[in-house]
Amino acid sequence: MDFSNLVPISMHCPNCGHKVTGYKDESGGVRIKCNRCRVVIYSKYRPGKRETLLRVIEPKDDN
């Protein structure tokens, strides 16, 4: 495996404000799970449309 092209991305969780860090994958997307509120954040910059896609997925309720 080649780990030389890993780029760390830090952001604040849009749900609770906790600082989270993840790494870009081959397609340029970042998938991060917040340790505090357990939401999954997916972020990807789309240069052709000049926009950033940000998805916040809530965890399943175990109760």
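**Exercise 1. Work out in which order the strands of the open sheet lie, and which of them stand at the edges.**

*Solution.* Start with the strands themselves: strands (E, at least two residues) are DSSP runs, numbered from the N terminus. Two of them pair if DSSP finds at least two bridges between them. In this predicted model, local features need pLDDT of at least 70, side-chain atom pairs count only at pLDDT 80 or more, and totals for chains, interfaces and linings use all residues. Residues are numbered from 1 along each chain as its sequence is written, and side-chain values use heavy atoms, with hydrogens and water left out.

Next, read the order: the open sheet has 3 strands, E3-E4-E5, with antiparallel pairing. Strand E3 (29-33) and strand E5 (51-57) each have a single partner strand, so one side of each is left without a neighbour in the sheet. Those two are the edges.

Now look at one pairing. Strand E4 (residues 40-46) meets E5 over 7 antiparallel bridges, and isoleucine 41 stands opposite valine 56 in E5.

**Exercise 2. Find how many bridges join strand E1 to strand E2, and which residue of their hairpin has a positive phi.**

*Solution.* Strand E1 (residues 8-12) and strand E2 (residues 19-23) run antiparallel, joined by 5 bridges. Histidine 12 faces lysine 19 in E2. The hairpin has 6 residues between the strands, and there glycine 17 takes a positive phi near 90°.

**Exercise 3. Decide whether serine 43 is buried or exposed, and list what it touches.**

*Solution.* First, the scale: buried means under 20% relative accessible area, exposed over 50%, and partly exposed in between (1.4 Å probe, protein chains only). Serine 43, found in strand E4, has 13% relative accessibility, so it counts as buried.

Then the contacts (heavy atoms within 4.5 Å). Not counting residues up to four places away in sequence, serine 43 touches Met11, Gly28, Gly29, Val30, Thr52, Leu53 and Leu54.

**Exercise 4. Explain why cysteine 16 and cysteine 34 are not bonded.**

*Solution.* A disulfide is a pair of cysteine sulfur atoms within 2.5 Å. The closest cysteine sulfur to that of cysteine 16 is in cysteine 34, 3.7 Å away, which is too far for a bond. The structure holds 0 disulfides.

Finally, compare their surroundings: cysteine 16 is partly exposed at 28% relative accessibility, while cysteine 34 is buried at 1%. Cysteine 34 also belongs to the largest nonpolar core, 8 residues that include Met11 and Ile41. Such a core is a set of buried Ala, Val, Leu, Ile, Met, Phe, Trp, Tyr and Cys residues joined through side-chain atoms within 4.5 Å.

Note on methods: Helices (H or I, at least four residues) and strands (E, at least two) are DSSP runs, numbered from the N terminus.
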